[in-house]
Amino acid sequence: MSRYVINGGNRLYGETLIQGSKNSILPILAATVLIKGETVISNCPDISDVDATIRILSYLGCKVTRDGHTVTVDSTTVDKFDIPDDLMREMRSSVVFLGAIIGRTGKACLSTPGGCEIGLRPIDLHLDAIQRFGVNIHEEFAKIDFEVVKPLEGVNISLSFPSVGATENIILTACTAKGTTVITNAAREPEISDLADFLNSCGARISGTGEGTIIIEGVKELHSAQYRVIPDRIVATTYMAAAAMTHGKIHLKSVIPAHLAPVIPVFEEAGCDISISSSSVTLTAPPYLRSIKTIRTMPYPGFPTDMQAQIMAMTTVCHGTSVIIETIFESRYKHVSEMLRFGAKIRVDGRMAVVEGTPDLTGASVIASDLRGGASLVLAGLAAQGTTTVDDIKYILRGYENMSGVLTSLGCDIVKEERNTANGGDRQS
Ligand code: EPZ
């Protein structure tokens, strides 16, 4: 097990490049299953969710090679249509392979992806949509079998909730279906547009992403392509929160400022100065942060649920009381109990958290239990006086490439320790 050891109190100061987007690369790698040939994806982040996705691609018969931030997938041969339970459990977002496997092989067999620390994560919207294409679905003993009994035909699908994953699965199923598919109330996240841009570079005909109604005109088949993934907007705003909490200054290179727009007003309300160019953003923190009246997580272009924990960490050191309302996931406050160990003052009542800011957090020993909650504990450790240890950082490594290296380059005092429990020794890296 590895952990972070942080000595808090340093001002974060400097500039950094932002990694490729986790929530883009995962559906894009899944989409390569649709392509009978070789695709080259660049700006792929070095994170464990990508490792898990590559294991699934290899299991399905794809040949995958990786050279730094470039992944090459040769999907000429795909000779399986199932995802084993252990691989499904390793990463519940593997459900996004569903549409691609069905589109490629005409069938699929998945175990129901379990819930996770932030919620039950049902897939009813995925299943209802896939069924609309005329796919037979049979659920038994936590296994779900899918079979295309007649050629896939385009349909009109209206989502009761703009689910990111369901939108992605519909796009993947519709790409090579006969005729046109129209998705209304589709998710508008930038990662959906990134997936569509990748597929269009492979010959798909997808339009309307980002606007809520997406039109996919089925094509016979898709061809190889080279594609560069967009920067990760959540990683970018996570490091902005770190700079805000440590009264520092950060210059982010290679970002898409428009993707950060839902979060920038929150930093400005806290008193940060933000300057924006075409592909960079600079945040300069004030001597004291002001509290945030209300933060309500919403589907894009609203405030992202994936930034809720990190902004909560920031509000713990703001002057005054802030209110956070989590409307997307039913239990995305698992990080609160650990955050209280820093001396933070937080009350949770259902979907609402009330945070009374305090200028003096104290270092603590805490344990990460999910990706963004774990990141929020690191942020609290950076701002706290004294030493913090964050255990179970495997959750953080799922989505943040070399977080300790990036933060160290920005002046923070953080090391990653490999806890070799066999001999009890700790090795620092
Ligand atoms: C994607 O998850 C992201 N993951 C999540 O990021 C993100 O939090 C989420 O979208 C919302 O923005 C990836 O892209 C890999 P949803 P996804 O389907 O697709 C309910 C991170 O930290 N729902 O939009 O699973 C669901 O329970 C991760 O990077 C149904 O009820 O999210 C949730 O309450 C965490 N039925 C809400 O919709 C369904 O069939 C949003 O889910 C599907 C979803």
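Guide: A residue is near a molecule if one of its heavy atoms lies within 4 Å of it. This is a predicted model.

Visitor: Okay, so which residues come nearest to the ligand?

Guide: There are 23 residues around the ligand. Asp124, Leu125, Ser163, Asp306 and Ile328 come nearest.

Visitor: What polar side-chain atom lies 2.8 Å from a ligand oxygen?

Guide: One belonging to Arg372. The side chain of Arg121 also has an N or O atom 3.0 Å from an oxygen atom of the ligand. On the backbone, a polar atom of Val164 is 2.9 Å from a ligand oxygen.

Visitor: How much of the ligand does the protein cover?

Guide: It covers 86% of the 830 Å² of accessible area that the ligand has on its own.

Visitor: And which elements give two or more residues to the shell?

Guide: Those are α1 (22-31), α5 (124-132), α6 (164-174) and α13 (371-383). The largest share, 3 residues, comes from α5.

Visitor: What's the class mix there?

Guide: The shell has 9 nonpolar, 8 charged and 6 polar residues.

Visitor: Where does the ligand lie relative to the domains?

Guide: Between domain 1 (2-19 + 231-428) and domain 2 (22-228), because both give residues to its shell.

Visitor: Switching topic. How much space is in the second largest pocket?

Guide: About 310 Å³. Its lining has 18 residues, with Leu17, Ile18, Gln19, Asn43 and His69 nearest the centre.

Visitor: Which classes line that pocket?

Guide: The lining divides into 9 nonpolar, 7 polar and 2 charged residues. β2 (13-17) and α8 (233-245) each supply at least two lining residues.

Visitor: Why does that pocket lie between the domains?

Guide: Because domain 1 and domain 2 both give residues to its lining.

Definitions and conventions:
Residues are numbered from 1 along each chain as its sequence is written. This is a predicted model: local features need pLDDT of at least 70, side-chain atom pairs count only at pLDDT 80 or more; totals for chains, interfaces and linings use all residues. Side-chain values use heavy atoms; hydrogens and water are left out. A polar contact is a pair of N or O atoms within 3.5 Å; within protein, one must be able to donate a hydrogen and the other to accept it, and residues adjacent in sequence count only if both atoms are side-chain atoms. Accessible areas come from the Shrake-Rupley method with a 1.4 Å probe; for residues, only the protein chains shown count as cover. Helices (H or I, at least four residues) and strands (E, at least two) are DSSP runs, numbered from the N terminus. Ala, Val, Leu, Ile, Met, Phe, Trp, Tyr, Cys and Pro count as nonpolar, Asp, Glu, Lys and Arg as charged, and the others, Gly among them, as polar. Domain bounds come from an automatic or database domain assignment. On a 1 Å grid over the protein atoms alone, a cavity is a set of points where a 1.4 Å probe fits but cannot get out, and a pocket is an open set with protein on both sides within 12 Å along at least five of seven lines; lining residues have an atom within 4 Å of a point. Grid points are joined across faces, edges and corners, and a volume is the space filled by probe spheres set on the points.
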